[in-house]
Amino acid sequence: MVKHIILWTLDPALSETRKMAVKRAIKDGLEGLVGQIPGLRSATVHIDGRLETSNCDVMLDSTFDNAEALASYAKHPLHVEVADSKVRPFTAQRTCLDFTVND
């Protein structure tokens, strides 16, 4: 299995109300891809409970069958649509960690 962890910092120009709406849209969009993209086992987007010690706003914790499934996901039209409409326009920074885990 492969874990794909993403941390995003939202655009600081967004109001707090707008940030919450963006977070919900990211969560709904990415979690909704499970069952639609082959090899994507799970996707959990964390948007609540952020402590003041945090320096990012949103976290994606996803699991794939293997590295090939992750590579396919990155190019899959459903993922690209979510990324282009719900994530990229509203984020200022992205950090990624991909790694292999044992079943």
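These are my notebook entries on helix packing, the nonpolar core and two residues of this structure.

**Entry 1, the model.** I am working with a predicted model, in which local features need pLDDT of at least 70 and side-chain atom pairs count only at pLDDT 80 or more, while totals for chains, interfaces and linings use all residues. Residues are numbered from 1 along each chain as its sequence is written, and side-chain values use heavy atoms, with hydrogens and water left out.

**Entry 2, H1 and H3.** I looked up how helix H1 (residues 16–31) packs with helix H3 (residues 77–87), and found an angle of about 175° with the axes 10 Å apart. Helices (H or I, at least four residues) and strands (E, at least two) are DSSP runs numbered from the N terminus; axes are lines fitted to C-alpha atoms, for helices over the stretch in contact, and angles run from 0 to 180 degrees between N-to-C directions. H1 and H3 are therefore roughly antiparallel to each other, a term for angles over 145 degrees. The contact (heavy atoms within 4.5 Å) is made by Val22, Ala25, Ile26, Gly29 and Leu30 of H1 with His79, Val82, Lys86 and Val87 of H3.

**Entry 3, the core.** I then turned to the largest nonpolar core, which has 23 residues, and noted that Trp8, Ile26, Leu30, Leu60 and Tyr73 touch the most other members. Such a core is a set of buried Ala, Val, Leu, Ile, Met, Phe, Trp, Tyr and Cys residues joined through side-chain atoms within 4.5 Å, where buried means under 20% relative accessible area with a 1.4 Å probe, protein chains only. Two or more residues each come from strand E1 (2–10), H1, strand E2 (40–46), strand E3 (58–64), helix H2 (67–75) and H3, and E1 gives the most, with 4 residues. For Tyr73, leaving aside neighbours within four places in sequence, I listed contacts with His4, Leu30, Leu33, Ile37, Leu40, Leu60, Phe64 and His79.

**Entry 4, Val82.** Is Val82 of helix H3 buried or exposed? Val82 is buried, with a relative accessible area of 7%, and, not counting residues up to four places away in sequence, Val82 touches Gly29, Leu30, Leu33 and Val87.

**Entry 5, Thr63.** Thr63 lies in strand E3 and is buried, with a relative accessible area of 6%. Its side chain is joined to that of Lys3 by a polar contact of 3.0 Å (a pair of N or O atoms within 3.5 Å, one able to donate a hydrogen and the other to accept it). Beyond four places in sequence, Thr63 touches Met1, Val2, Lys3, Gly39, Leu40, Arg41 and Ser42.

Conventions
Angles under 35 degrees count as roughly parallel, over 145 as roughly antiparallel, 65 to 115 as roughly perpendicular and the rest as oblique. Buried means under 20% relative accessible area, exposed over 50%, partly exposed in between (1.4 Å probe, protein chains only).
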